[in-house]
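The exercises below are meant to be worked through with the sequence and the model side by side. Each task is followed by a solution that goes step by step.

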Amino acid sequence: IGRWRDQLLLAYLKRINPAVRDLRILAETGYRAAVVSVRPAHARELLRLGMQLLSMRATPRLSTVIFVGEGVDVNSPAEVLAAVVKHIEPRTRIFALSAAGEVGGAQEEPEVILLATPSSGERPASGPGEEVLGRVESILRRLLSGAQA
């Protein structure tokens, strides 16, 4: 079912933005993160696309979108991890869209977009908080454990 979901989302996102190449929602992260490979695109365009994907609620827990370059295999945790390590600058390529808060008595995670694509020299206005960086570190640890398996 997960592959069907990913293929339907991919077809939809390609219609919205032709820069999209591939997509996978990561089981390694408890279905909290999606990886999208894209051709070179402006950061604002990727942020808009990431917000659309997050608003679709493809999985109930989806809260992180990781954009990678078009040459990265989204099915390979090792390649995704390598792209994140190579291209993520914690203060300039990670965007927290909402602050964590209480929802129905449970702590809600902030929505995050990571731009692990080759940088075009763009600089955002501000970086994420420490809580968001900690969550990104947790996702990277999960990807690393998947890459070693």
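**Exercise 1.** Which residues does Thr117 touch, not counting residues up to four places away in sequence?

*Solution.* The model is a predicted one, and the solution starts by placing the residue: Thr117 sits in the loop between β7 and α4, the helix of residues 130-148. With residues up to four places away in sequence left out, Thr117 touches Val38, Leu46, Phe67, Val68, Gly69, His87 and Arg93. Its relative accessible area is 8%, and because buried means under 20%, Thr117 counts as buried. A further check can be made on the backbone, where the C-alpha atoms of Thr117 and Val84 are separated by 8.1 Å, although the two are 33 residues apart along the chain.

**Exercise 2.** Describe how helix α1 packs against helix α2, giving the geometry before the residues.

*Solution.* Two packed helices are described by the angle between their axes and the distance between the axes. For α1 (residues 2-16) and α2 (residues 43-56), the angle is about 145 degrees and the axes lie 11 Å apart. The crossing of α1 past α2 is right-handed. On the side of α1, the contact is made by Leu9, Tyr12, Leu13 and Ile16, while α2 brings Leu49, Gln52, Leu53 and Met56. Sorted by class, the contact between α1 and α2 comprises seven nonpolar residues and one polar residue, with no charged residues.

**Exercise 3.** Identify the residues with the most contacts inside the largest nonpolar core, and the elements that supply this core.

*Solution.* The largest nonpolar core has 21 residues, and Val36, Leu53 and Phe67 are those with the most contacts inside it. Two or more residues each come from α1, β1 (20-26), β2 (33-38), α2, β3 (64-69) and β7 (112-116), with α2 giving the most, six residues. Taking Val36 as the example and leaving aside its neighbours within four places in sequence, one finds Val36 in contact with Val20, Asp22, Leu23, Leu53, Val65, Ile66, Phe67 and Val68. Apart from the largest core lies another, of 19 residues, which includes Val35, Ile66, Val84 and Leu133.

**Exercise 4.** In what order do the helices and strands of the protein chain run from the N terminus on?

*Solution.* The count comes to four helices and seven strands, and from the N terminus on they run α-β-β-α-β-α-β-β-β-β-α. Of the contacts with a separation of 6 or more, 62% are between residues 24 or more positions apart. As for burial, 43% of the 149 residues count as buried.

Notes. Residues numbered from 1 in each chain as written. Predicted model: local features only at pLDDT ≥ 70, side-chain atom pairs only at ≥ 80, totals over all residues. Heavy atoms only, no water. Buried < 20%, exposed > 50% of the residue type's maximum accessible area, 1.4 Å probe, protein only. Contact = heavy atoms within 4.5 Å. Axes fitted to C-alpha atoms, helices over the stretch in contact; angles between N-to-C directions. Left-handed = near helix turned anticlockwise from the far one by under 90°. Nonpolar A, V, L, I, M, F, W, Y, C, P; charged D, E, K, R; others polar. Core = buried A, V, L, I, M, F, W, Y, C linked by side-chain atoms within 4.5 Å.
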